[in-house]
Amino acid sequence: METLILKGSHFPTFFAMFSFIYLIAYFIVFRNWNPKQRPDATSCLISLVHGTPAVVLALSALLANPAVGFASRNSRSQNLALDFSIAYFTIDLLHFLVLLPGDVLFIAHHLATLFVFVTCRYLVLHGAFAILVLLVLAEVTSACQNIWTLAGLRRTDLAVAANVYRILSPPFYVLYSIMRVVLGPLFFLKMSMYYLSGEADDVIPRWVSVSWIVVVGGAILVSIMWISNLWVELVREMKGITEKKER
């Protein structure tokens with residue numbers, strides 16, 4: 001059984017793909033960037049490559065199996081989507097461990113995310129529906145977020161980057177808030193109630209489902225805190241600009 005699962009895995013292919021993209025980004029695309037900005041920019045680029053395709057793969061897998069539920073067995077297309085994201089998070093985790101070992105929050109986030117994806121894909125073989133819905137809600141903001149982040153890295157050096165950062169901030173914050181502060185918690189609540197009811201215990205061990213709840217709940221809490229701080233900063237900046245105009 002385990003041999004069959006490994007033979008059907010697309011992880012090696014996706015891992016090689018993201019490794020190649022990472023090397024191109026670090027050694028070619030961002031070779032002239034400030035050494036302090038280069039690692040963050042490289043991480044952003046592979047995140048950009050992962051985000052939108054991950055949403056497309058996940059949505060395609062979900063739409064191809066409309067009757068699935070929280071305890072349904074993973075389909076091939078769902079496993080493909082999971083392998084794609086597992087490969088990305090593995091590469092990005094290695095990136096942080098080697099180049100940015102002090103970024104404990106990101107390392108912890110990636111380890112927790114990989115735990116959820118790997119246990120769903122290779123251990124219990126069920127529950128991809130819930131994981132992929134959460135993936136869509138998280139990654140639908142990826143393109144905007146990574147462009148915003150890249151612009152933010154260069155906003156003190158380039159006027160165009162500063163303008164992109166300024167223009168993108170409000171719509172990005174709104175989109176992120178809708179996905180991570182409203183829709184994400186609502187789906188998380190529904191998922192948690194189902195798994196805690198014990199209805200999935202026959203196919204997903206309780207320790208696994210509870211672990212998923214803890215990891216996802218923690219990620220949502222951190223996301224809410226992060227976007228809240230950004231909103232506070234934006235309001236302060238706008239207030240400062242208004243006060244300057246009034247003088």
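Trainee: What volume does the largest pocket have, and what makes it a pocket and not a cavity?

Mentor: In this predicted model, the largest pocket has a volume of about 1500 Å³. A cavity is a set of points where the probe fits but cannot get out, whereas a pocket is an open set, so the word pocket says that this space is open.

Trainee: Which residues line the largest pocket?

Mentor: The lining has 47 residues, and F106, H109, Q145, Y176 and R180 lie nearest the centre. Elements giving two or more residues to this lining are α3, α4, α5, α6, α7, α8 and α9.

Trainee: How do you know that α5 reaches close to its expected span?

Mentor: Helix α5, residues 104-124, has 21 residues. At 1.5 Å a residue 30 Å is expected, and the helix reaches 28 Å from its first C-alpha to its last. There is also a kink of about 35 degrees, centred on V118. Just after α5, L125 has a positive phi of about 65 degrees.

Trainee: Why is F117 called buried?

Mentor: Buried means under 20% relative accessible area, and F117 is listed among the buried residues of α5, so its value falls under that cut-off. Other buried residues of α5 include I107, H110 and L114.

Trainee: What makes W212 part of the largest nonpolar core?

Mentor: Members are buried nonpolar residues joined through side-chain atoms within 4.5 Å, and W212 is one of the 58 residues in this core, so W212 meets both conditions. W212 and F117 are among the residues that touch the most other members. α4 gives the most to this core, with ten residues.

Terms used: Residues are numbered from 1 along each chain as its sequence is written. This is a predicted model: local features need pLDDT of at least 70, side-chain atom pairs count only at pLDDT 80 or more; totals for chains, interfaces and linings use all residues. Side-chain values use heavy atoms; hydrogens and water are left out. Helices (H or I, at least four residues) and strands (E, at least two) are DSSP runs, numbered from the N terminus. The expected span of a helix is 1.5 Å times one less than its number of residues. The bend at a residue is the angle between axes fitted to the seven residues ending there and the seven starting there. Buried means under 20% relative accessible area, exposed over 50%, partly exposed in between (1.4 Å probe, protein chains only). On a 1 Å grid over the protein atoms alone, a cavity is a set of points where a 1.4 Å probe fits but cannot get out, and a pocket is an open set with protein on both sides within 12 Å along at least five of seven lines; lining residues have an atom within 4 Å of a point. Grid points are joined across faces, edges and corners, and a volume is the space filled by probe spheres set on the points.
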